[in-house]
Amino acid sequence: MMHAPITASDMASARPLTLADACQGCRTQAPLKTAITMAFQPIVDIGSGTVFAYEALVRGQNGQSAGEILSGIDPDMIYKFDQTCRVKAIELAGGLFAPGGAAKLSINFMPNAVYEPNACIRASLAAARRVGFDPGRLMFEFTENEPMRDAGHVRGIIEAYRARGFTTAIDDFGAGYAGLGLIADLRPDMLKIDMALVRDIDTSAARRTIVAAVLGMADALGVRCIAEGIETAEELETLRAIGIRLCQGYHIARPATEALPLA
């Protein structure tokens with residue numbers, strides 16, 4: 001996942017960021033410490049056997065993991081990092097995705113790296129135009145590993161993205177601070193059930209009960225569920241029996257750098 005290791009104490013000790021700071025952060029000529037690329041992992045509809053989306057996952061050009069890349073991102077580079085990842089994912093997708101296809105490109109983003117959604121999306125839309133990628137196929141996932149500092153700001157991002165026809169998703173539901181309050185406040189299109197609830201679900205009655213309840217709640221709200229982190233056939237079949245259709249994990253396909261793996 002593309003989550004930056006910026007802590008609450010980092011943000012609290014820094015001078016408050018303003019709109020001018022954010023704009024300058026996107027325009028800064030300072031390079032990222034490590035050149036990045038993207039790996040892609042499919043999210044599969046196990047009912048139809050089709051690929052619903054490919055999630056773009058940050059990697060280093062020399063094979064560095066996401067953790068290695070993210071550990072080197074300074075707080076004052078958060079804006080540039082977020083924009084660089086979005087643009088790189090779209091540019092690669094333009095050459096990899098079948099034109100006119102239905103599969104979405106899922107991009108992780110950090111809400112605190114978006115100072116104004118309509119301004120911050122311009123570079124992504126420009127990249128889509130350059131490579132001929134349909135922006136209607138964009139899906140944005142966000143996660144909150146720390147308490148949300150401004151729920152209204154995140155709600156504004158989701159509303160702006162939805163108005164442009166993008167799909168929105170809460171990532172890592174069931175872990176950290178991605179909980180029921182986020183769904184009630186934000187009403188995303190998609191909900192990704194964290195791997196902590198998926199792991200060993202075939203042998204855990206408690207996990208089966210929780211995931212079934214999450215699915216029922218999401219269905220009632222008109223939100224679709226994705227189960228992530230599936231590593232065994234038994235987990236997959238248990239999720240199928242519960243009613244989960246959209247699935248992602250190593251059992252289905254491992255991420256492939258600058259390529260679309262077969263599921």
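Where does Glu258 lie? I looked this up first in the predicted model, and I found Glu258 in the segment after β9, which spans 256–257.

**Glu258.** I noted that the phi of Glu258 is positive, at about 55°, although this residue is not a glycine. I then checked its accessibility and recorded a relative accessible area of 36%, so Glu258 counts as partly exposed, since that class lies between the 20% and 50% cut-offs.

**Asp172.** I turned next to Asp172, another residue other than glycine with a positive phi, here near 55°. Asp172 lies in strand β5, which runs over residues 167–173, and at 9% relative accessibility I entered it as buried, because buried means under 20%.

**Cysteines.** I searched the whole structure for disulfides and found 0. I also looked up the accessibility of two cysteines: Cys225 is buried at 6% relative accessibility, and Cys247 is buried as well, with a relative accessible area of 0%.

**The chain as a whole.** For the wider setting, I counted 11 helices and 9 strands in the protein chain, and I noted that buried residues make up 49% of its 263 residues. When I took the contacts between residues at least 6 apart in sequence, 71% of them turned out to join residues at least 24 apart. Last, I wrote down an accessible surface of about 11,600 Å² for the protein chain, with 53% of that surface belonging to carbon and sulfur atoms.

Key:
Residues numbered from 1 in each chain as written. Predicted model: local features only at pLDDT ≥ 70, side-chain atom pairs only at ≥ 80, totals over all residues. Heavy atoms only, no water. Helix = DSSP H or I, 4+ residues; strand = E, 2+ residues; numbered from the N terminus. Buried < 20%, exposed > 50% of the residue type's maximum accessible area, 1.4 Å probe, protein only. Contact = heavy atoms within 4.5 Å. Areas by Shrake-Rupley, 256 points an atom, 1.4 Å probe, with all protein chains shown as cover. Disulfide = S-S within 2.5 Å.
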